[in-house]
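Me: I would like to learn how to read a structure like this one, feature by feature. Could we begin with the overall architecture and then go into detail?

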Amino acid sequence: MTTRDVRPVRKRRAYAARVPAAQRRTQLLDAALTLVATLGHQAVTMDAVADRAGVTKPVIYGQFTSRAELLAALLRREQEQALAQLRAILPADAAPVEPPALFARLFTGFLETVRRAPDRWRCIVFPLPDMPAEFHAARDRARELVLGRVEELIRRTPAADRAGADPELAAHTVVTLFEMAARLMLADPARFGPERFLAAVNAALAGLPGR
């Protein structure tokens with residue numbers, strides 16, 4: 001064999017295995033969500049999503065025609081799933097609820113939800129300055145829905161009939177407390193777990209007059 005016969009061996013490009021379209025779409029949206037949560041909205045480019053998901057750009061364009069379409073799909077999915085998770089932990093019946101049981105259920109359910117989907121809730125409870133306006137608007141709408149539901153629940157508690165009770169202000173306090181707890185847990189999950197928050201809430205409720 002002469003030196004002229006020796007040619008460099010080309011590396012074959014790795015192609016993503018074929019998967020069902022719905023599964024691929026989920027994979028790409030998950031990759032985009034991780035980028036948003038860890039690096040910010042501007043980090044979500046088609047190249048970055050492809051690299052994160054381990055696919056080629058044509059695979060992404062087979063699902064989304066543009067970056068804007070991908071981000072819009074991500075927003076819709078995260079908003080729908082976040083609201084579904086919240087509805088799952090909020091009581092749906094009209095029966096009166098006792099404050100201790102209500103707080104215990106909501107705190108435990110919410111923080112477990114955050115722990116199961118940290119990237120989703122990091123985008124919701126942490127301020128991300130590079131988020132586009134539609135992301136902030138969607139988050140604000142979801143927050144208003146939750147505030148209204150929590151206020152409704154508080155009005156069903158026996159304490160709501162006491163003089164001076166302010167269910168609207170109480171709802172804002174509860175939601176703000178939940179957001180603070182989520183931020184602490186996401187920032188340091190080993191230090192701030194659901195059990196610690198629940199113990200603190202139970203201790204505070206036990207110290208209220210009349211208990």
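Me: Which secondary structure does the chain have, and in what pattern along the sequence?

Reply: Helices (H or I, at least four residues) and strands (E, at least two) are taken as DSSP runs and numbered from the N terminus. By that reading the chain comes to nine helices and zero strands, and along the sequence it follows the pattern α-α-α-α-α-α-α-α-α. Keep in mind that this is a predicted model, in which local features need pLDDT of at least 70 and side-chain atom pairs count only at pLDDT 80 or more, while totals for chains, interfaces and linings use all residues. Residues are numbered from 1 along each chain as its sequence is written, and side-chain values use heavy atoms, with hydrogens and water left out.

Me: What share of the chain is buried?

Reply: Buried means under 20% relative accessible area, exposed over 50%, and partly exposed in between (1.4 Å probe, protein chains only). Here buried residues make up 39% of the 211 residues in the chain. As for contacts, meaning heavy atoms within 4.5 Å, 67% of those between residues at least 6 apart in sequence join residues at least 24 apart.

Me: How should I judge the span of a helix, and what do α1 and α7 show?

Reply: The expected span is 1.5 Å times one less than the number of residues. Helix α1 (residues 21-39) has 19 residues and reaches 27 Å from its first C-alpha to its last, close to the 27 Å expected. For α7, the 23 residues should span 33 Å, and because its end C-alpha atoms are 33 Å apart, the two values agree. After α1 comes Gly 40, whose phi is positive, near 105°.

Me: Which residues of α1 are buried, and what covers them?

Reply: An α-helix has 3.6 residues a turn, so residues three or four places apart point the same way. The buried residues of α1 include Arg 24, Leu 28, Ala 31, Leu 35 and Val 36, and their cover includes α2 (46-53), α3 (57-61), α4 (67-89) and α6 (118-125).

Me: How do Ala 50 and Glu 78 fit into this picture?

Reply: Ala 50 lies in helix α2 and is buried, with a relative accessible area of 5%. Its C-alpha is 8.3 Å from that of Ala 31, although the two are 19 residues apart in sequence. Not counting residues up to four places away in sequence, Ala 50 touches Val 55, Thr 56, Lys 57 and Ile 60. Glu 78, in helix α4, counts as buried because its relative accessibility is 10%. Leaving aside neighbours within four places in sequence, Glu 78 is in contact with Leu 33 and Arg 120.

Me: How is empty space inside found, and what lines the largest cavity?

Reply: Rolling a probe the size of a water molecule over the atoms shows where empty space is left. On a 1 Å grid over the protein atoms alone, a cavity is a set of points where a 1.4 Å probe fits but cannot get out, and lining residues have an atom within 4 Å of a point. The structure holds one cavity of 30 Å³ or more, and about 40 Å³ of space lies in the largest cavity. Its lining consists of Leu 102, Phe 103, Leu 106, Val 150, Ile 154 and Val 174, with the largest share, three residues, coming from α5. Among the buried residues of α7 are Val 150 and Ile 154.

Key. On a 1 Å grid over the protein atoms alone, a cavity is a set of points where a 1.4 Å probe fits but cannot get out, and a pocket is an open set with protein on both sides within 12 Å along at least five of seven lines; lining residues have an atom within 4 Å of a point. Grid points are joined across faces, edges and corners, and a volume is the space filled by probe spheres set on the points.
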